[in-house]
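Here are some friendly notes to read alongside the model. Take them in order, with the structure open beside you.

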Amino acid sequence: MKTITSSLVTLLVAFGTASAFDGNKTASEPAYNPKTEVEVTGPISAIHEVSEGALQGIRVSVKAKTQAVELFLGPSYFLKFFNVDLKTGDTVTMIGSKVQFEDKDIVLVRELQMGKITVTFRDAKGEPQWLWMSKPDLPTGF
């Protein structure tokens, strides 16, 4: 019984430590909602790398039919790993969940299509695909 309890405590501490180092979801980060999925097609009008706060990473503005739409792709290291090279003027189609963030609409991108290239940032439930990657600034080998 002592071994089982000790093992359970070890597992709980390990999972708690892993989520503490996760850093991919904060309390202020909006949740992906498959029920609010939209498709946005148009040319990229701006690309921003945000390094502070929730939703750190690459954000783009796309000129859709009636207005500019702000989209959050994911962490910059995820895009660099897959050699995603976006440029202003590129025509893209993105599918994602439209949510409220800092009193504005933003789309959390699940899938990006650019020509014959498709990049999946989240699964169908909205879970980020970059969670399997270790962050570049964290020690590895655990």
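Is W132 buried or exposed? Keep that in mind as you read; point 1 takes it up.

1. Let's start with the question. W132 is exposed, because its relative accessible area is 57%, and over 50% is what exposed means here. You will find W132 in the segment after strand 6 (117-120). Please bear in mind throughout that this is a predicted model.

2. W132 has company on the surface. Together with F81 and F82, W132 forms a nonpolar patch with about 380 Å² of accessible area in total. The two phenylalanines are partly exposed: F81 has a relative accessibility of 48%, while F82 has a relative accessible area of 41%.

3. Now step back to the whole chain. The protein chain holds 2 helices and 6 strands, and reading from the N terminus their order is α-β-β-β-α-β-β-β. Of the 142 residues, 35% are buried. The accessible surface amounts to about 9,300 Å², with 57% of that belonging to carbon and sulfur atoms.

4. How do distant parts of the sequence meet? Take the contacts between residues at least 6 apart in sequence: 52% of them join residues at least 24 apart. Two pairs make good examples to look up. W130 and G74 are 56 residues apart in sequence, yet their C-alpha atoms are 7.9 Å apart in space. E102 and A54 are 48 residues apart in sequence, with 9.9 Å from C-alpha to C-alpha.

5. While you are at E102, look at its setting. E102 sits in the loop between strand 4 and strand 5. Its relative accessibility is 57%, so E102 counts as exposed.

6. Next comes the interior. In soluble globular proteins, nonpolar side chains tend to be buried together. Here the largest nonpolar core has 31 residues, and those touching the most other members are V60, V62, L71, L73, L86, M94 and F121. Two or more residues of this core come from each of strand 1 (37-50), strand 2 (57-63), strand 3 (68-74), helix 2 (76-81), strand 4 (91-101) and strand 5 (104-114). Strand 5 gives the largest share, 6 residues.

7. M94 is a good residue to click on. Leaving out residues up to four places away in sequence, M94 touches V38, E39, V40, V60, V62, L71, L73, V109, E111 and L112. Among these neighbours, V60, V62, L71 and L73 also appear in the list of core residues that touch the most other members.

8. Finally, the aromatic rings. The count comes to 6 aromatic pairs. The rings of F72 and W130 have centres 6.4 Å apart and planes at 85°, so this pair is edge-to-face. F72 belongs to strand 3 and W130 to the segment after strand 6, so the pair ties together parts that are 58 residues apart in sequence. Both F72 and W130 are buried; for W130 the relative accessible area is 3%. The rings of F81 and F82 also pair edge-to-face, because their centres are 4.9 Å apart and their planes stand at 85°.

9. Which residues do the ring pairs link into a cluster? They are F72, F78, F81, F82, F121, W130 and W132. This cluster includes the buried W130 as well as the exposed W132, which brings us back to the residue in the opening question.

Notes: Residues are numbered from 1 along each chain as its sequence is written. This is a predicted model: local features need pLDDT of at least 70, side-chain atom pairs count only at pLDDT 80 or more; totals for chains, interfaces and linings use all residues. Side-chain values use heavy atoms; hydrogens and water are left out. Helices (H or I, at least four residues) and strands (E, at least two) are DSSP runs, numbered from the N terminus. Buried means under 20% relative accessible area, exposed over 50%, partly exposed in between (1.4 Å probe, protein chains only). Contact means heavy atoms within 4.5 Å. Accessible areas come from the Shrake-Rupley method with a 1.4 Å probe; for residues, only the protein chains shown count as cover. A nonpolar core is a set of buried Ala, Val, Leu, Ile, Met, Phe, Trp, Tyr and Cys residues joined through side-chain atoms within 4.5 Å. Patches are made of residues with over 30% relative accessible area and no salt bridge: like charges are joined within 9 Å, nonpolar side chains (Val, Leu, Ile, Met, Phe, Trp, Tyr) within 5 Å. A salt bridge is a side-chain nitrogen of Lys or Arg within 4 Å of a carboxyl oxygen of Asp or Glu. Rings of Phe, Tyr and Trp (its six-membered ring) pair if their centres lie within 6.5 Å; planes under 30 degrees apart count as stacked, over 60 as edge-to-face and the rest as tilted.
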